[in-house]
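Here's a quick briefing to go with the structure. Have a look at it first, then read on for a pocket and some helix packing.

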Amino acid sequence: MLAEPGSGALIELMAVTKVYGQGAAAVQALRGVDLSIATGEMVAVMGPSGSGKSTVMNILGCLDAPTSGTYRFRGMDVGAMSRDERALLRRHALGFVFQGFNLLSRTSALENVELPLIYRRVHSSERRARALAALAAVGLRDWAQHTPAELSGGQQQRVAIARALVTEPAVVLADEPTGNLDSARGHEIMALLRSLNRARGITLVMITHEPEMAAYAGRVVHVLDGLVERDAATGGPSDAEQ
Amino acid sequence: MLSNSLLLAVREIRRNALRSFLTILGIVIGVAAVIVMVTLGEGATLQVRRQIEGLGSNLLIVVPGQRMGPGMRQDAPAFALEDIEALRRSVPALAAVAPAVTQSATAIVGNRNWSTSVTGSDNSYLQARAWTLAAGRAFTEGELRAGKAVCLLGDTVRRELFGRQDPLGQRVRLTKLSCEVIGLLQPKGQSGMGRDQDDLVLLPLRTVQRRLSGNQDVAVIYLSVHAERSMQRAKADVEHLLRERRHISASEEDNFSVRDMREIASMLTGTTQVLTALLGAVASVSLLVGGIGIMNIMLVSVTERTREIGIRLAIGAREREVLSQFLVEAVVLSSFGGLLGILLALAASLLLARVLQVPFVLNLGIIGLAFLFSAAVGILFGFFPARRAARLDPIEALRRE
């Protein structure tokens, strides 16, 4: 199911459109997006609000299906998949990091990180070991038993990153991962994401509207009015902020 | 996955302990009501059966007249002593033939008095009605023939008139007749119809006829049929003989009736069984109401946990996994209510059985059924909220605060 196709591109959007609503109330969020992302890339998607960047992320994350056009993930046509098939694709190949962290409240960091493994039917002892390892990778080994309410924003986002990483996904999608954090925490999180991208070869796609955060990525895609306006390399994953 | 869902469900329920408890209260009461109704109903049925058996096994009761309807009786001549002799002579299936005349009278001892019923009969009455003596002796032939003033006391009369004293050899005044207590009857308790069977004084038939009723009539005949003989046959023989003796022509109806106590017993237990079923059905309505409470709270829970559901869906939970999570929660909730209801019902039935003086009959079937029903209520009323959760759009759900 997850075999690599010949084309080499991990993610391929071809002439993807997305229309919300119907008739007079219809809103054209995407008007023909072409985008190709290879394994191991770190891509920032930028654009003003309403530009359609969130819709791009939802489609890339298989949370939403395009109205027309083709989305191939590892060569598989996501647009033709059922809701459940997309859920399985998310389960096995994708990790999510959200702006608002989206951790389960009143649930320990460890259990939050274990959650995706539960759906993967990983046995409890292995689940625990992997979750602890993922927490260690984001520097929160000692915070495993704390609930989100007991953690700072930066720590919560690290837990969320650990949750995204614990399944060793092919792609991590981050939706404004630094949006709720102050600048210093934001840079920490970006540095962490970049190091994971480099060290583990995890493909990373993130939305941001802050150029200094986008600068961590090796490639920036600008979206405007439902189209890709500019797609440029930043000259390799930048070390400018270090 | 299921054990995980169970764990999650228990945790979620414990988080909202008070709310969960109030939610399942309907189920608790419903299950308890059903079990209590059925348990007490079956206890009452058993009691009725036992007490009718206590009236005397294989008992036929012969009374003059036919029952015409509720409370109405045909006017018909009473039986005579000769009828008794004829029955004893001609119907070999009968083990005992007891004539009886019953009157109400006030029994007086010293300054105590007690209004009771006085029955005149002979020793075959004890056999037919299955009385045994607790103390003293039965009547002698001489006492019966001479109509002596001697009596046997039922337990209630003994208690009311003598308390802790020994009544044997003492005298009891019945209206204008003073008689000596020669024996005490073993207590039987309440009858199926709620009458105190121990509230009686037994005298020789002749004594009652001469000194109390003032005539030679026999009001009722109690017949005990040999255990190995057919009740139907004995009944038919008795009817045949009495028709002959009372000169009833073939075209005429009987002017007496022979009642089989077992028929009455089955009729009475049938009535209590129907009543039990009816009460159980009424009680089960509260189970449905409890189910609606569960549905309500599960819908609230789904709304409150929309974001959690969004996270689970984004992480890769399929519809049916979210569905089963919420369904398991509803079922755990309702079956827990069922368990509490069973415990409550056991305590309540034990207490009520004692208060109402009904035997406690533990019916495991109805307990199992009530538990299964409560779990089914969880599935039934949990399904709609669970499906609503499972069908949420993950993007929408994640956006919700």
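How do the residues lining the largest pocket divide into nonpolar, polar and charged? The split is 12 nonpolar, 12 polar and 18 charged. Keep in mind that this is a predicted model. Below, the pocket comes up first, followed by three helix pairs.

**The largest pocket**

- The space in the largest pocket comes to about 940 Å³.
- Its lining counts 42 residues, and 18 of the lining residues are charged.
- If you want a starting point for browsing, A:Leu104, A:Thr107, B:Leu8, B:Arg11 and B:Arg312 are the ones nearest the pocket's centre.
- From chain A, α3 (109-119) and α4 (124-137) each put at least two residues into the lining.
- From chain B, α1 (2-15), α9 (261-304) and α10 (306-315) each do so as well.
- Of the lining, α1(B) gives the largest share, with 8 residues.

**α5 and α6 in chain A**

- Helix α5 (residues 153-165) and helix α6 (residues 183-200) of chain A have axes that come within 10 Å and cross at roughly 20°.
- Angles under 35 degrees count as roughly parallel, so α5(A) and α6(A) are roughly parallel to each other.
- The crossing of α5(A) past α6(A) is right-handed.
- On the α5(A) side, the contact is made by A:Gly154, A:Gln157, A:Arg158, A:Ile161 and A:Leu165.
- The α6(A) side brings A:Arg185, A:Glu188, A:Ile189, A:Leu192, A:Leu193, A:Leu196 and A:Arg200.
- Sorted by class, this contact of α5(A) with α6(A) holds 6 nonpolar, 2 polar and 4 charged residues.

**α3 and α8 in chain B**

- In chain B, the axes of helix α3 (residues 81-90) and helix α8 (residues 231-245) come within 11 Å, crossing at roughly 140°.
- That angle makes α3(B) and α8(B) oblique to each other, and α3(B) passes α8(B) in a right-handed crossing.
- B:Glu82, B:Asp83, B:Ala86, B:Leu87 and B:Ser90 of α3(B) meet B:Val238, B:Leu241, B:Leu242 and B:Arg245 of α8(B).
- The class tally for α3(B) with α8(B) is 5 nonpolar, 1 polar and 3 charged residues.

**α9 and α11 in chain B**

- α9(B), which also helps line the largest pocket, packs against helix α11 (residues 319-356) of chain B at an angle of about 140°, with the axes 11 Å apart.
- α9(B) and α11(B) are therefore oblique to each other, and their crossing is right-handed.
- B:Ile294, B:Ile297, B:Met298, B:Ser301 and B:Val302 of α9(B) make the contact with B:Phe326, B:Glu329, B:Ala330, B:Leu333 and B:Ser334 of α11(B).
- Here the contact of α9(B) with α11(B) has 7 nonpolar, 2 polar and 1 charged residues.

Methods
Residues numbered from 1 in each chain as written. Chains lettered and ligands numbered in written order. Predicted model: local features only at pLDDT ≥ 70, side-chain atom pairs only at ≥ 80, totals over all residues. Heavy atoms only, no water. Axes fitted to C-alpha atoms, helices over the stretch in contact; angles between N-to-C directions. Helix = DSSP H or I, 4+ residues; strand = E, 2+ residues; numbered from the N terminus. Parallel < 35°, antiparallel > 145°, perpendicular 65-115°, else oblique. Left-handed = near helix turned anticlockwise from the far one by under 90°. Contact = heavy atoms within 4.5 Å. Nonpolar A, V, L, I, M, F, W, Y, C, P; charged D, E, K, R; others polar. 1 Å grid on protein atoms, 1.4 Å probe; cavity = no way out; pocket = protein on both sides within 12 Å on 5 of 7 lines; lining within 4 Å. Points joined across faces, edges and corners; volume = space filled by probe spheres on them.
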